[in-house]
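Student: I've got the model loaded and would like to go through it with you. Could we take it question by question?

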Amino acid sequence: MTAWVGTVERTRAGIWLFFVSEVFLFGALLGMRFNLWGNTRPDLDQRLGLLVTAILLASSFFMYLAESAVAHGRRVVFLLSTLVTASLGIAFLVGVVGFEWSGHLQPTDGVYGSVFFAMTGLHALHVASGVLFIAYIGIKGLRGRYTSAEHFGVEACAIYWHFIDVVWVFLYPALYLMGTAVQA
Amino acid sequence: MSTHRGFVRHGAHGWSDYFTFNTDHKVIGVQYLVSTLLFFLYAGLLALVIRFELLDPAPTLNANTYNAAFTLHGSVMIFLFVIPVMAGFANYLIPLMIGANDMAFPRLNALSFWLLMLGGLVIVSGNFLGPADTGWTAYAPLSLQAPDGQTLWAIGVIIIGTSSTMGGINFLVTIGTLRAPGLTLGRLPLFCWGMIATSLMVVLATPVLTTAMALLVLERVAGMTFFAAAGGGDPLSWQNLFWFYSHPAVYIMILPAMGLISEILPVFSRKPIFGYRAIAASSMAIAILGFLVWAHHMFTTGMDPSVQTAFMVTSMIIAVPTGVKIFNWIGTMWGGVLDLRTPMLFAIGFIGMFVIGGLSGITLGSVPVDTHVHDSYYVVGHLHYVLFGGSVLAIFGAFYFWFPKITGKMYDERLGKLHFWLTIVGFTLTFFPMHWLGLQGMPRRVVAYAEQFQQTNQLVSLGALILALGVLPFLYNMIVSWTRGAQASSNPWSALTLEWQTSSPPPIGNFDTPPVVTNGPYDYGESLSPREAAAD
């Protein structure tokens, strides 16, 4: 009746505004990191940090593969790629929550532990929700709900996943690389 | 009518629909307006408790009770009345003003409202756990030592902030994508421009408040360290995070009000708005500048003088776009055929009171003055001039102006005028003497004060009583006119914006024939008063 822009365009605009808002959510935490840690950082497991970062970056490649596969109607590639993406996401969570969180640095260890757990915790919540989102599109794909023309759910999931990945690209150096390591 | 799966009952068919998860923007608008008005009454009663305590220099109430009263007064007024009541007007009016059937995301919209109710419940229920008593600013480390209610307070603010952010995204996408054919950005009603600027600030600033509140909760319940200097934390970082949101929040509360005023003034002046583009652009300028001034709340924290100067300059610059608006409103009335109905009286009252609040704001933005009056009653006087004299007067005016559209009934003009005059007299008696108290050195947020301030404080309390009495004819008018008022026509003010071009109240789906826009929102060709226009 009115000049409707398609639902997809509207939802896409809404999602991007949501990302803008998320940038400020994480940005405030980054501000806290630079304020409280200054030119120092806690002594963390560098190999683990590099490994989980590589895993998350690799997962974005498979997410992209899943999205282009569904656009070309290649169902098997789509399903396999979502499976790989979700598995890499879970591997990232195991690395951060399972191993790094049970290291020597704990949330009650002053500003180093507090900021580290706040930042990785908020990010891990996003990764976990992203894995659930991937599982959701995987199940819908398994039931054949997506076509090469209509698969906005996959697109939304993919840009959310890439966004989480980009956030980590900023968190990783702030937590693991910048400044000199001190024993917390 | 929209056909969202699972939401068959869509729109208001009876009063019980207002208590459901309804996705119709008009139902949600009324839900917001009525519930936030109830929160206004609650916080207003708390203000009377505060003014009762301050009748006497010695403490009458327990000091903790007093602290909890002003904390809850400020928090509820800001988070549960002024900010969300604007979302109420925006929900009701924006789809109508732009010729749409509904908001862009109707289910998200309903979720925003119910989250607001949940957040309000969480904040108010904190009273039973030992209430938050640190003021609405909750400065650390004081807020780390406050009773358990402070934790619920912070969680409630997070929930309300989430609701607010979802609303902001919804308004932006709605205005961006659902405008009727011909409704270019240059023909957008100025309230919509105000909400664009407001929503941008909401989307960018609210998450920072969310982070601050989440860290406060973690520090209080999980033994973490962010703000307590004792553990290596930084109390000032609370102030930075808090004001990074809360100064923009000042504009989140005033820009929609300025939009409401810009709708009312041309209608009752029977003239095109003066300087349409300047008003729209100044809203956007304030939205951008509003992010660059937050540290002026922290001039006395020992910051570097060069930083002080920078924030002083940015704060003063805000006065320029604000002044542009004031002169444009005066230009709109200039030479017009003024019709002094209740909404117009409140709009003119807004301009006068807001100018005073703006000027006291400029003095506070000046470092040397602020050093002397920081945390004094001068600040309390200033903030009430902009928030009550500004935002709330505009809200009252808007309630009267759109009452016929929303309810389909006319309000009582005499009761409306009684409300206005009681409000202006009570308001001035309440808040103007606060400037004197502050200049003489009376600190804010204290339960006991020096005896020489007693007479002025009693005058202030008398004003508060008159202000409260003024609310009674308003409530009576709203309730009785809604149930027994005279039938309102679809366009009782002969206004040109789209919401008046459909029936009162509008049908589900808003417009029987799709509107096509061919002219601007305020193209009043000749100076006809509404009465004359009706006689034609």
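Tutor: Sure, and a definition comes up front: buried means under 20% relative accessible area, exposed over 50%, and partly exposed in between (1.4 Å probe, protein chains only). This is a predicted model, where local features need pLDDT of at least 70, side-chain atom pairs count only at pLDDT 80 or more, and totals for chains, interfaces and linings use all residues. Residues are numbered from 1 along each chain as its sequence is written, chains are lettered from A and ligands numbered from 1 in the order in which they are written, and side-chain values use heavy atoms, with hydrogens and water left out.

Student: Is Asp412(B) buried, exposed or partly exposed?
Tutor: Asp412(B) forms a salt bridge with Arg414(B), the closest N and O atoms being 3.9 Å apart; the rule asks for a side-chain nitrogen of Lys or Arg within 4 Å of a carboxyl oxygen of Asp or Glu. Arg414(B) counts as exposed because its relative accessibility is 69%. With a relative accessible area of 24%, Asp412(B) is partly exposed.

Student: What pattern does chain A follow along the sequence?
Tutor: Helices (H or I, at least four residues) and strands (E, at least two) are DSSP runs, numbered from the N terminus. Chain A has five helices and two strands. Read along the sequence, they give α-β-α-α-α-α-β.

Student: What share of the residues in chain A is buried?
Tutor: The C-alpha trace of chain A spans about 60 × 40 × 20 Å along its principal axes. Chain A has 184 residues, and the buried share of them is 49%.

Student: How many residues apart are Arg12(A) and Glu155(A)?
Tutor: Their side chains meet in a salt bridge at 2.7 Å, N to O. The pair links distant parts of the chain: Arg12(A) sits in helix α1 (residues 7-37) of chain A and Glu155(A) in helix α5 (residues 152-177) of chain A, so their separation in sequence is 143 residues.

Student: And why does Glu155(A) count as buried?
Tutor: Its partner Arg12(A) is partly exposed, with a relative accessible area of 28%. Glu155(A) counts as buried because its relative accessibility is 16%.

Student: Which residue pairs with Asp375(B) in a salt bridge?
Tutor: Asp375(B) lies in the loop between α12 (367-373) and α13 (377-407) of chain B, and its partner, 69 residues apart, is in the loop between α14 (413-439) and α15 of chain B. Asp375(B) is partly exposed at 39%, whereas the partner counts as buried at 18%. The N to O distance is 3.9 Å, and the partner is Arg444(B).

Student: Now the interface. How much area is buried between chain B and chain A?
Tutor: Contact means heavy atoms within 4.5 Å, and it takes 36 residues from chain B and 28 residues from chain A. Buried area is the accessible area (1.4 Å probe) that two parts lose on being put together, summed over both. Carbon and sulfur atoms give 75% of a total of about 2,600 Å².

Student: How many salt bridges does the rule find across that interface?
Tutor: It does find four residue pairs in polar contact there, both at pLDDT 80 or more. A polar contact is a pair of N or O atoms within 3.5 Å; within protein, one must be able to donate a hydrogen and the other to accept it, and residues adjacent in sequence count only if both atoms are side-chain atoms. For salt bridges across the interface, the number is zero.

Student: Which helix supplies the largest share of the side of chain B that touches chain A?
Tutor: On that side, α5 (149-177), α6 (190-221) and α7 (235-269) of chain B each supply at least two residues. The largest share is seven residues, and it comes from α6(B).

Student: Which side chain makes a polar contact with Thr497(B)?
Tutor: Thr497(B) is in the loop between α15 (454-484) and α16 (530-535) of chain B, and it counts as buried because its relative accessibility is 6%. Not counting residues up to four places away in sequence, Thr497(B) touches Pro189(B), Glu263(B), Pro521(B) and Tyr522(B). The side-chain polar contact, at 2.9 Å, is with Glu499(B).

Student: Last one: which residue has its backbone oxygen 2.5 Å from a polar atom of the Lys271(B) side chain?
Tutor: Lys271(B) lies in the loop between α7 and α8 (276-289) of chain B. At 18% relative accessibility, Lys271(B) counts as buried. That backbone oxygen belongs to Trp334(B).
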